[in-house]
Each structure stands twice: as structure tokens, then as C-alpha cells.
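Colleague: Please take one part of this model, a sheet, and go through it closely, then set it against what surrounds it.

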Amino acid sequence: MKKIFAIAWKDAIIRFASKAELLYFVILPVVFTFLLAGGTPSGDEDNRIRLLVADQARTELSVQIIAQLSESTAVRPEALPLAEAGSQFDERRASVLLVIPADFSLQSLQDGAASLDLRMQPNDLNGPVAQRAVQTAIRRVSSAVNAANTAVTEAEAARPFASDAERQAYFDQSLGLAARLQAESPERVTAVQGSTPDQVEYDPAANSSAGQLITWVFIPLFAISALFAYERNEGTLRRLLTTPTRKSTYLLGVIGGQVAVAVVQMLILVGFGIAVMKLNWGRDPAALAVILVASALAAGAIGTTMGTFIKTEGQASGLSIMAGMVMALMGGCWYPLELFPQAVQTAVKVLPTTWAMQGMLDLALRGGGLTDVLPEAGVLLGFAAVFFTVGVWRFRYE
Amino acid sequence: MTKLLLIGLKDLKLAFRDRAALILMLLAPFLLTLGLGFVTGRFSGGSGGISEIPVVIVNLDGEQLGDALVDVFKSDDLSELVTLTEADDPEAARRLIDEDEAAAAILIPEGFTQSIMPSAEQFAGGNAADPVKIEVYANPSRPTSAGIVKAIVDEFASRVEEGRITGMTAVTQMIVTGRLAPQDAEAAGQAMGERLAESPGTGLGIALNTNTASGETNDFDVLAYMAPGMALMFLMFTTSYGGRSLLAERSQGTLPRLLVSPTSTAQVLGGKVMGIFFTGAAQLFILIGASTLFFQLKWGDPLGVIALVLAAVFAATGWGMLITAIARTPAQVGNLGSAIMLIFGIMGGSFIQLEALPEVVQWFSKITPNAWGLDGFTTLALGNSLAHLGRPLLALTIMGAVLFTIAVIVFNRKGIMQK
């Protein structure tokens, strides 16, 4: 046991010999977590798509359209003069621009000549979302007029109007009634969040916190391979040959030490999540501990196996960063797994990052407890067992 | 000039012989771009968005409108977006969501149709039937998919409500003006509903003319954004790697040897800068070529691409030289360079679109070659030419020149290039 502690302590000293390690240990993970959470804001921030509106008509109808857009959950209208809005759009500082032409009025709507121009940036996902929101606003505003027009048509079919004035009066009365019915219209759809044990609310910042935690902890654990390469090239591994130290003792010392450092790193990031981002990481500390340790053991064991294949420290460092980033991306740590095609969602289950992320989200988003994360922890420990076995089998001091 | 070129080409060869460096120069951006292609569905024929959202629907209404909503989810229009499962038991459907087996459950209660179809009593001014609400039971860990399902149900409900208001308005007005007897209202309303359903007309009374900035349809190719983002991020690694070689040569003694040869300090420094520049340009051209070849990615006007690559590499080289000037050892350059690569990557929009980042970050992103480079590559991908690259090219050139000047001043102060 003493040997294991001694090896672990020696590796910690090597790793933190340079102050620059703190950059990767805590500074960059915190910056990334914060910025990516800023990209998916929560709380009181308005994360709706910015929709530039150039209202050249300034009629009652155009005001109604803008008012409807303001109530949208998808877009946030920002009224600007046409020249300024056009300039911002041309410089791609906004995804969508709605131009309300000068002739846009109730009369043009009645005449069937009302139209709006929506300009969208190509290759931009916000465009179709904004288009849907504008169509919804149009539908709401024009539905009363459509209803009044239909009422006039039906009435005329039953008994023709004596004059245009009578038809117009009928239209106006119908419009008033339709508008009243619309205002009194009840909600027909209710959304209920999935029933988690203590009704934890979805917080997109949790995705960022969990994803970045895994990314920044897995990369240095994969870099255990660099420790092996460093010691092998320095000749210190060969010296161990002359001591009564078994391979498994040495590997346990290396992995144990790095896993312990990783757990400290994770606790700092979890603390940041709780203190700064107000995330609900602390509701079941035992479950959190299980998933964190299982994740770290899996990544550490993979780093060990990598270390038995890689020859130089430089290669190990590059491959660790690359493998860590690719696995984080594919495991849903950067972008939610739900955005991936179904086949890819299934395929990425071969990655430990997918299971680590799933376990973290069980805790942070689904309000899960110890029993909920046991399957993910089990799979992660399976990864650890397999790769540790391969590592011990392939490990050579020289 | 020959000496400059020789030193530059020597560094280019050294960089491409270093397998460890090649991992981060070429392999990592290529694999990440490949991964992004897979996760976004770019390689499986998808348009880069969500597809096959698992949805459970329970239709307890069993009448006209409940069936219509089921038909909406079964329609060809939604066949790629949604994978529908019909169930009979609301509790079983909810359980599927709680167990993360589906993104949302749609529960259409009994009496939904009856609560919407206006009765004779309602036409006569009586109380409206109590609204019966469709429930969308959403999976909290799949908010985007659940949001899409909710939007589809909302749109359906909105159309149903429009129909109800249209029918109520027309029939009520006819009763008020004596065109229709109150006892005939319900039948007339139903007949009108059927008529409108058969010929729904244009739908919206206001035409919405849509067009993209380039006048084309809004086809989304996620790789057109992500591939340049990854290439530019790892370009920062390459330029700091090149800078590291300057300090490494100094500590290994090859730099002083160069300086005692009939080669001026400016030539040596210029040659090193040229080596970084060549390596960075070669890296970007290889990545662009590979993504064009393997992913059929269209980068746009070749002249524009060449100009932009050279300008982006020039600006990134400036950063590489500045990092080298500030750092004391090759290891410090490596650490600082990798950190700046990642920070510029996220600030410059390589991970998520700049628009999604806080405004202050968007402002600071202007100091990164990544943001200007991405701006330029996006401009080209939209079908524009070299003539439209004025701003990014100017910004990148100024950035490179300013950084290079500062680096030279720091080099001189620290005496790095002294014999």
C-alpha cells in the first residue's frame, strides 16, 4: 500500500511541476463551462432568436404583428429602421429580418394583397425557426380577418347584401366578434414536464457543466499514457525492474494517483457548478461520488492501455487531447445526444463518455439517485476492468 | 531571400516529419470534423437537424379531431422527424418518458372533439363547453425534441381553434341578422366545417415571401460552418508549435550557430516566421482538400479561399510569434499555445455559433483569427467571391502586422535573437 501511495504522490509532483498545469486543471474547464453555459442561457435571460423588424407601414395591423411576435417563445423582435436592419443583416449580425412593406394594412389584407418579406441567412438553423414563429404571428393576426371574410361570404350566399355599406358593416361586426372569440379562446394544450422524483427543472447549464467536467477530466486521465512514455524515455521505469515492485502495484499507483487528482478536479468543477451556476449537483452526494469515481477509473484505465502502445510523450499528449475531444463530442458532452441521429445515438454507447454523461444527467436533470446511476456506473467500471486488464497484460518496463 | 526560404522550408519539413505534431495539426481536426458529420446526420442524408424523435401518442378521444392529430403525426411530412408509437394507456406512455424511452407523450383525452365542436346552445349564447386539453408529457432531458413535439401540437390546436372561431363567427352573425334559424345552427356549422375542411383556401391571409440573403433556399450544411471552425482552431496549435521550435533551437544550440553564420538576425527571424507561415498554410490547404475530397464540402471561390487562408495564417502566425516572445521555455510555449488554441476556439465560434455566446465574448472574439476566418469562410460558402472578403482580409492582415511588430519588440527587449 505504501508503494502505491508513493508512486501516486510522485506522479502528482511530476504533473504539477509546471504551474501551467493549473490552466488545464481548473482555469480552462471553468472558462469553457461558463462560456458554453452562456451559449445555452437559463434563468431570466432572453434566449429567443433575435428577429430584426423593419416596420415601414406603422399601421394598426403591423403593430399587431409585432405585438404577436413579442409574445413568441421562439423569437425576440427588435424594431429598427430599414437601412440599419438591412445593414446588420448584410453583415450577418442577425439571422432573420422581417420587412413590413409600407402598403401593409387592414385594407390590403381585406383585398388579399397583404404580404410580408422575411429574409433569412442561408445555412442558418435559426431561419426556419423564425419563419415558423412569423407564420404563427401572421396566423393569429389574420385569423380574425379570415373569419370575418368567411362570415361575409357565407352570409352573402344565404342572402345577398343590399349595398357595399351593408357588406362592410357586416364585415366590421364579424371582425369584432371574431376578435372577441379569439381573445376568449382557451388553452387547448398543456405541457407537463416528466415526473422526476423531486421535480428537478431542466437547466441547460447542467449539460454544459457535466459535459465540460467529463471533457477536461478525461483528457488528463488519457494522458497517463504520457507519464509512462516520460518515465520510459527517462529510464526510470527500468530502474523499477530492480525493485520488488509488481506491475499491478505500479499501475495501481499511477492510476490511483491520477484518479484521486481527477476526483479533486471534478469536485472543484462541481463546486463551481453549485456556487456560480446554481446547479443541483449536491442533492445525492453518494450517487455523485459513485458516478465521478467510476468515470475517472474508466478514463484512467483507458489512459493506461494507451500508454502501452504509445512511444513518445509528444505522441501521448497529442493523442490524449484528440481522443478526449473526439470521445467528448461523440458522447454528447458538447452537444446534447438528443440532437444526434438515432443510429449514432446507439453507436456511441460503445464510448465511456456517453455513459458518464448519461449518469451525470440522470443526477442533474432527471433528479435521479444512487439506484438510477448504478447501470451507468456498472458499465463504466466494466470499461475500467477491461482496459486495466489489457494495460497490465501489455505493460512492459522497457 | 534564399536564406529565408531555406530556413522556412527546413521548418516546414521538420513539422511534417514530427508524428506527434501531425496528430494535432491534421488528424485531430479531421477526426473532429468527421465526428461532427456523424453526430449531425450530415453523412446519413440528414439535413443537420433533429430526426426520428420518439413520440408516444394515446388517443382516448377517438373522434374527428383526435384522429386528425394522430394523422398529422403519421403524415409523410413528419415521417423523418418523428417515430410514432400508438398506445392505449396514458400511464404506460408517461412511464416511457420517465424511463427516457421517448422524447414526449401526447395524451388526447376523451371528449376533446366534443369540447371544441360548438353546440346549438353555444350558438344561442349559452356557456361554452369546458375546454378539454391535450397533454404533452415532455422528457426533461430531451428539451429540444420535446419542444418540437409541443410546437407541432400547438400548431394543430391553433388551426383547430381558428376553424372553431371562423365557424362560430359566421353562424352567430347569420343568426343575429336573421339569415339562419337558431335550431339549424349546429347543422349549418357542421356543414360549413366540412366545406372549409375540403377547400381550406390559402390558409394565411397574409402572404409571407421568404428568401435568403443570397436569394437561394435555406439549405443547412453544418459542416460548412464546423469544418473551417476546427481547421482554424488547430491552426493556432501549429503556429505556437512553430514558435516553440525557435526557443527549442535556442536551447539546443542550433540558433546561436545560425547567428554566427553570415546570416542576419532579421533573416533568421524572418525564416522562422516563414516556416510557421508555410506550415500553417500547408495544414489548412490539406484540411480543405481532404474535406472537399471526402465530405464533398464546398468551400466557395478558390481565389477567395486562397486569400483567406493566407490572411488567417498570417494573423495566427502573429499570435504564435507573440506567444513565443512572451514565453521563456519551449514547454511554456506549448502550454500557452494549447490554452490559447482552445480559448480562441470557443471564443471564435469553433464550437458554437458566435451569436449564441454572450455579447461581451462576441466583442472579444474580434481579437481571434478564428472569428474573422470563420466570417470569411462563411461568406465564401454562401456563394460570395474574393471581392466580398474585404473586412475579414483587412482585419486579419492588420492583426498579423500588429502582433508581429509587438513580438519583434519583445524579442529585442528580451535579447532572444542575440548572438
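Modeller: An angle quoted here between a helix and a strand runs from 0 to 180 degrees and is taken between N-to-C directions, along lines fitted to C-alpha atoms, for helices over the stretch in contact. The model is a predicted one.

The sheet is open and has five strands in the order 5(A)-4(B)-3(B)-1(B)-2(B), with mixed pairing. Its edges are strand 5 of chain A and strand 2 (82–87) of chain B, each of which pairs on one side only. From one strand to the next the twist averages 20 degrees.

At the edge supplied by chain A, strand 5 (residues 189–193) of chain A is joined to strand 4 of chain B by five bridges, and the two run parallel. One residue pair at this junction is A:Val192 with B:Tyr137, its bridge partner in strand 4 of chain B.

Two helices of chain B lie across this sheet. Helix 3 (residues 64–74) of chain B crosses strand 1 (53–59), strand 2 and strand 3 (104–108) of chain B, and runs at about 165 degrees to strand 1 of chain B. Helix 4 of chain B lies across strand 1, strand 2, strand 3 and strand 4 of chain B, at about 165 degrees to strand 3 of chain B.

Some of these elements also belong to the contact between the chains, which takes 89 residues from chain B and 87 residues from chain A. On the side of chain B that touches chain A, helix 4 (90–98) and strand 4 (134–138) of chain B are among the elements that give two or more residues, along with helix 2 (19–39), helix 7 (143–176), strand 5 (207–212), helix 9 and helix 13 (330–347) of chain B. Helix 7 of chain B gives the most to this side, with 19 residues. By class, the side of chain B that touches chain A holds 50 nonpolar, 25 polar and 14 charged residues.

For the chain as a whole, the secondary structure of chain B comes to 16 helices and five strands. Of its 419 residues, 48% count as buried. Among the contacts in chain B with a separation of 6 or more, 79% are between residues 24 or more positions apart. The domain assignment of chain B gives domain 1 (2–42 + 222–414) and domain 2 (53–198), with C-alpha centres that lie 56 Å apart.

One residue pair gives a further distance in chain B: B:Ala282 and B:Asp71 are 211 residues apart in sequence and 55 Å apart in space, C-alpha to C-alpha. B:Ala282 is in helix 11 (residues 265–295) of chain B. With 18 other C-beta atoms within 10 Å, B:Ala282 is partly exposed, because a residue counts as buried at 20 or more and as exposed at 12 or fewer.

Chain A has strand pairings of its own. Strand 1 (residues 49–55) of chain A and strand 3 of chain A pair in the parallel sense over five bridges, and A:Leu51 has A:Val96 as its bridge partner in strand 3 of chain A. Strand 3 of chain A is also joined by four bridges to strand 4 (residues 115–120) of chain A, and this pair runs antiparallel. There A:Leu98 stands opposite A:Leu118.

Five of the five residues of strand 3 (residues 96–100) of chain A are buried, so this strand is largely enclosed by the rest of the structure. In a regular strand the side chains alternate between the two faces of the sheet. Here A:Val96, A:Leu98 and A:Ile100 point one way, A:Leu97 and A:Val99 point the other way, and all are buried.

The division of chain A is into domain 1 (2–41 + 205–394) and domain 2 (49–184). Their centres, taken over C-alpha atoms, are separated by 53 Å.

Last come the nonpolar cores. The largest has 164 residues, and those with the most contacts inside it are A:Val217, A:Phe222, A:Ile291, B:Phe234 and B:Ala312. Helix 9 (residues 222–252) of chain B provides the largest share of this core, 16 residues. Another core, of 50 residues, lies apart from it and includes A:Leu52, A:Ala94, A:Val129 and A:Leu181. Leaving out residues up to four places away in sequence, A:Ile291 touches A:Gly359, A:Met360, A:Leu363, A:Val373, A:Glu376 and A:Ala377.

How values were computed. Residues numbered from 1 in each chain as written. Chains lettered and ligands numbered in written order. Predicted model: local features only at pLDDT ≥ 70, side-chain atom pairs only at ≥ 80, totals over all residues. Core = buried A, V, L, I, M, F, W, Y, C linked by C-beta atoms within 7 Å. Contact = placed C-beta atoms within 7 Å. Nonpolar A, V, L, I, M, F, W, Y, C, P; charged D, E, K, R; others polar. Pairing = 2+ DSSP bridges. Domains from an automatic or database assignment.
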